[in-house]
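Student: I would like a close look at one part of this model, namely its charged side chains. Please go through how they pair or group, and then cover the residues that help to place them.

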Amino acid sequence: MRVHKNHPIDNIIGDPHASVQTRHRTIAENTSLYSEILDTGVMETCMHATFVSQLEPKNVKEALADNCWIEAMQEELSQFQKLHVWDLVDLPRGVQPIGTRWVFKCKTNDRHVVVKNKARLVVQGFYQQEGLDYKEVYAPVARLEAIRLFLAYASYVGFKIYILDVKSAFLYGKVHEEVYVTQPPGFEDPHNINKVYKLDKALYGLHQAPRAWYETLSKHLLSNGFDHGQIDSTLFIRKAGGDILLVQVYVDDIIFGSIDEEMCREFEQVMKSKFEMSNMGELSFFLGLQVSQREDGIYLHQTKYVQDILSKYKMNDNRTYGTPIPVNHGLYPDKDGNDVDCKLYRGMIRSLMYLTASRRDIMFAVCLCSRFQSQPKESHMIAVKRIFRYLKGKPRLGLWYSKKQSFDFKAYTDSHYGGCNFDRKSTSSGCQFLGDRLVSWQCKKQATVSVLTCEAEYIAAASGCSQILWIQ
């Protein structure tokens, strides 16, 4: 048996070199052991670690060896039974069933603490045949500009935004086609091993699942006094007297708000009358966006996402930059440079592209580096790493939507004539404000080569006008 006499310094809570403190002095200075545990989040971590698994299994065999994941899978299947998702039947002759598989995910909060083990049974939709297993698949999804418009309006009017999360949302969607799937791995019926399940409701992975869910949700809201947005079909509006309730839908995540708190509570009851929902709470995290609702406005940022991608691509060194890219960047399609890993380069670009949802400052640099995804070279990778090091120095930048400012609509457009080093095409850019609230921005290479600077400006203005009309 090995006994450790000296414990690592990292495992000691508090300052190990501090002098001995009395109880009164400790409480007065708020440096007690209990306070340290609360402030650092160690208690939260320990409590969750007792009841949830910290590791995601790689396959069903590993999951079935852990009671936490078995409970998660049983919870998923019990939801199937409650909603009458499928029926166990004999497989019709000449029909090929679609396979199923388990997907495991450890859900974390903004402190990276695992709060829940989620097991999802999904259908291998790539086996579906168009016209036989599905027909229409289109389903509207809210644009990120719509989310920012929603937040800007909430900050101007001054109401709280709440969020509802539908549990197993796709299971409520009605399937109109005949779809047969195999029994879930690890939970096959031993007495009916050759039978399959015929779906009555949609499962995750089916091509028609998002459309079926949106159809069910919209019918329920329209039957309860809501109206569609004229332009954005994921926006639902309900008016009562002089008050208005706004609801924005992004698949199974629903945000809503109103000046009248009673309307918010009524909407919660309307949703819970048909769907199983999580408890209503103030919006703080949505689609990777962190939302801080304060008395004087709303702050939108992606600090947690920045930390995640910095850790993922091992950019946590001490080196930082003050700008995402130099003014004279000199980035060209370098044919003689050393090749780099295309998969790694494209993954870094994809991560940065989603970060532009709240970071206008890196928009141009990311769009410029994205042009080299086909054949990235070492010089291009250096430019991408510079963006990451810039983010490390400024991880908490975001958008501030003030409460006291006006709501006047202002828009700006500009163009960079012949700025592309590939084909001399110009770049269009623009941004739109509601008061001082930046709600939308663009940076895109023009489709044609402009002969004059005036022509490039007109193309940029036309692109900006289309965005202005959509916002209005």
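Tutor: What follows takes the charged residues in turn and then a few others. The model is predicted, and the values below are computed from it.

Salt bridges come first. The structure holds 12 of them. In general, side chains of opposite charge can pair when their charged atoms come close. Several of these pairs can be described in detail.

Lys 219 and Glu 215 make one such pair, with their closest N and O atoms 3.2 Å apart. These two residues are 4 residues apart in helix 7, which covers residues 209-222, so about one helical turn separates them. Lys 219 has a relative accessible area of 52%, and it is classed as exposed because the cut-off for that class is over 50%. Glu 215 is partly exposed, with a relative accessible area of 29%.

Another pair sits in helix 9. Lys 304 forms a salt bridge with Asp 308, and the closest N and O atoms are 3.2 Å apart. Helix 9 runs over residues 303-312, and Lys 304 and Asp 308 are 4 residues apart in it, which means that about one helical turn lies between them. Lys 304 is buried, with a relative accessible area of 11%. Its partner Asp 308 is partly exposed, at 29%.

The pair of Asp 361 and Arg 359 is also a salt bridge, with the closest N and O atoms 3.0 Å apart. Arg 359 has a relative accessibility of 1%, so it counts as buried, the limit for that class being under 20%. Asp 361 counts as partly exposed, at 29% relative accessibility.

Salt bridges can also link into a network. Glu 76, Lys 118 and Arg 120 are joined in this way.

Charged residues may also gather by like charge. Lys 105, Lys 107, Lys 116 and Lys 167 form a patch of positive charge on the surface. Of this group, Lys 107 can be placed in strand 2, residues 100-108. The relative accessible area of Lys 107 is 42%, which makes it partly exposed.

Next comes a lysine in another strand. Lys 239 lies in strand 8, which covers residues 235-240. With a relative accessible area of 68%, Lys 239 is exposed. Its C-alpha atom is 8.9 Å from that of Asp 227, a residue 12 positions away along the chain. That distance is between C-alpha atoms.

Lys 314 is noted for its backbone. Its phi is near 55°, a positive value in a residue other than glycine. Lys 314 belongs to the loop between helix 9 and helix 10, the latter spanning 342-355. At 74% relative accessibility, Lys 314 counts as exposed. Leu 287 likewise has a positive phi, of about 55°, although it is not a glycine. The loop that holds Leu 287 lies between strand 12 (285-286) and strand 13 (289-294). Leu 287 counts as buried, at 19% relative accessibility, since the limit is under 20%.

Strand 13 also holds an uncharged polar residue, Gln 290. Gln 290 is buried, with a relative accessible area of 12%. A polar atom of the Gln 290 side chain lies 3.1 Å from the backbone nitrogen of Thr 303. Tyr 305 is 15 residues from Gln 290 in sequence, and the two are 9.0 Å apart in space, C-alpha to C-alpha. Thr 303 and Lys 304 both fall within the residue range of helix 9.

Asn 117 offers a further contact from a side chain to the backbone. Its side chain reaches the backbone nitrogen of Ser 53 at 2.7 Å. Asn 117 is found in strand 3, residues 114-123, and counts as buried at 7% relative accessibility. The range of strand 3 also takes in Lys 116 of the positive patch.

Finally, Gly 186 lies in the loop between strand 5 (180-181) and strand 6 (196-199). At 41% relative accessibility, Gly 186 counts as partly exposed. The C-alpha atoms of Gly 186 and Ala 63 are separated by 9.6 Å, while the two residues are 123 apart along the chain.

Conventions
Residues numbered from 1 in each chain as written. Predicted model: local features only at pLDDT ≥ 70, side-chain atom pairs only at ≥ 80, totals over all residues. Heavy atoms only, no water. Patch = residues over 30% accessible without salt bridge, like charges linked within 9 Å, V, L, I, M, F, W, Y side chains within 5 Å. Areas by Shrake-Rupley, 256 points an atom, 1.4 Å probe, with all protein chains shown as cover. Salt bridge = Lys/Arg side-chain N within 4 Å of Asp/Glu carboxyl O. Lys, Arg positive; Asp, Glu negative; His and termini not counted. Charge placed at Lys NZ, Arg CZ, Asp CG, Glu CD. Buried < 20%, exposed > 50% of the residue type's maximum accessible area, 1.4 Å probe, protein only. Polar contact = N/O pair within 3.5 Å; in protein donor to acceptor, adjacent residues only side chain to side chain.
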